[in-house]
Amino acid sequence: MMTRWGLIGASTIAREWVIGAIRATGGEVVSVMSSNADRAKTYAAENGIAKPLTSLEDLVNDPEIDAVYISTTNELHRDQALAAIAAGKHVYCEKPLALSLSDARAMVEAARDKGVQFGTNHHLRNAGSHGAMRDAIASGAIGTPLAARVFHAVYLPPHLQGWRLDKPDAGGGVILDITVHDADTLRFVLGDDPVEAVAMSQSAGMGQSGLEDGVMGVMRFKSGVIAQFHDAFTTKYAETGFEVHGTEGSLIARNVMTQQPVGSVTLRNAEGERELTFSGRNLYETALEKFHAAIEGRGRPAASGEDGVWSLATGLAVVEAARSGTTVKIEPGL
């Protein structure tokens, strides 16, 4: 069965990653919607999409569309998702799902009630590196996990700057853009959920209108694991990484917090040090393959709507912790 898609948002991420992944996994991109007619027309022509649209209603009510991918700015996600769900479309939505937990939960509950699939585009859990780390932990290779460290400070390239740096009402800032990915990746790798967070944020020159462009903090998980994180838009020469330290060993991953299927994972324990092998498959193709399968009744999305609620709850807790200087509980309310 071929899944036919409509794109809500003529976005960079759709152009660079998601359109290709849809097509590579047996889907077809039928239409794209932008509020700007010229942008919709140009984007459709450049990406081989038949129908450029400016109306959300026209897109979601098109009988030739089975699923939508939402990649507009964050404050628009809720209403667009609810419109698509009401029309019986499956929804694959960018993170964060919304700007409030109540809105995110409403989206997920509406999809559940309608009987359509709802996925969150948390691409990092689809990386072969993170799957290898999860499997190693589950097999007991490092004993009982005690602590983790994620460093995901990068440089936001000029073509992605804009609303992420200057529009608080659109959900800009590094926490809702990057820290939510850290939260989801930690949950996936550890098989555990965060319960509280502390944090300090900074505005180091890129963030405008009071928006943070860097943050450091610590999450505590249900098992007692503590996880340190550092996220930023401002570091041109940093590398990314992810470490998990246990009673019997450590996992040291480098350059794995990325859209590319790259990086390395080293296992260190009493037996010495060895590199773990893992798939180098495109992360988005793995995600879209699972989403297409879920639509057909085979399995579930790689990251579900509930996973998206968890990452948003964590991000909002980090925002509040940085603002208040207190420890904030993480409560998704699912």
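User: Which strand does Ile226 sit in?
Analyst: Secondary structure first, then the residue. In this predicted model, Ile226 belongs to strand E10, which covers residues 226-232.

User: Why does Ile226 count as partly exposed?
Analyst: Look at the relative accessible area: under 20% is buried, over 50% is exposed, and partly exposed lies in between. Ile226 counts as partly exposed because its relative accessibility is 38%.

User: And what does Ile226 form on the surface with Val198 and Val218?
Analyst: Together, Val198, Val218 and Ile226 make up a nonpolar surface patch, and their joint accessible area is about 190 Å².

User: Let's move to E5. Are the residues on its two faces buried or exposed?
Analyst: Check each side of the strand separately. Strand E5 spans residues 90-93, with His90 and Tyr92 on one side, Val91 and Cys93 on the other, and all of them are buried. Both faces are therefore covered, given that buried means under 20% relative accessible area.

User: Which strands pair with E5, and in what sense?
Analyst: Count bridges and read the direction. Strand E4 (residues 67-70) runs parallel to E5, with four bridges between them. Strand E6 (residues 118-120) is also parallel to E5, joined to E5 by three bridges. Val91 is a handy landmark: Val68 stands opposite Val91, and in E6 the bridge partner of Val91 is Phe118.

User: How does the chain get from E5 to E6?
Analyst: Follow the connection and read its handedness. From E5 the chain passes through helix H5 (residues 101-114) to reach E6, a right-handed β-α-β crossover.

Notes. Residues are numbered from 1 along each chain as its sequence is written. This is a predicted model: local features need pLDDT of at least 70, side-chain atom pairs count only at pLDDT 80 or more; totals for chains, interfaces and linings use all residues. Side-chain values use heavy atoms; hydrogens and water are left out. Patches are made of residues with over 30% relative accessible area and no salt bridge: like charges are joined within 9 Å, nonpolar side chains (Val, Leu, Ile, Met, Phe, Trp, Tyr) within 5 Å. Accessible areas come from the Shrake-Rupley method with a 1.4 Å probe; for residues, only the protein chains shown count as cover. A salt bridge is a side-chain nitrogen of Lys or Arg within 4 Å of a carboxyl oxygen of Asp or Glu. Buried means under 20% relative accessible area, exposed over 50%, partly exposed in between (1.4 Å probe, protein chains only). Two strands pair if DSSP finds at least two bridges between them. A crossover is right-handed if, with the strands pointing away from the viewer, the path from the first strand over the helix to the second runs clockwise.
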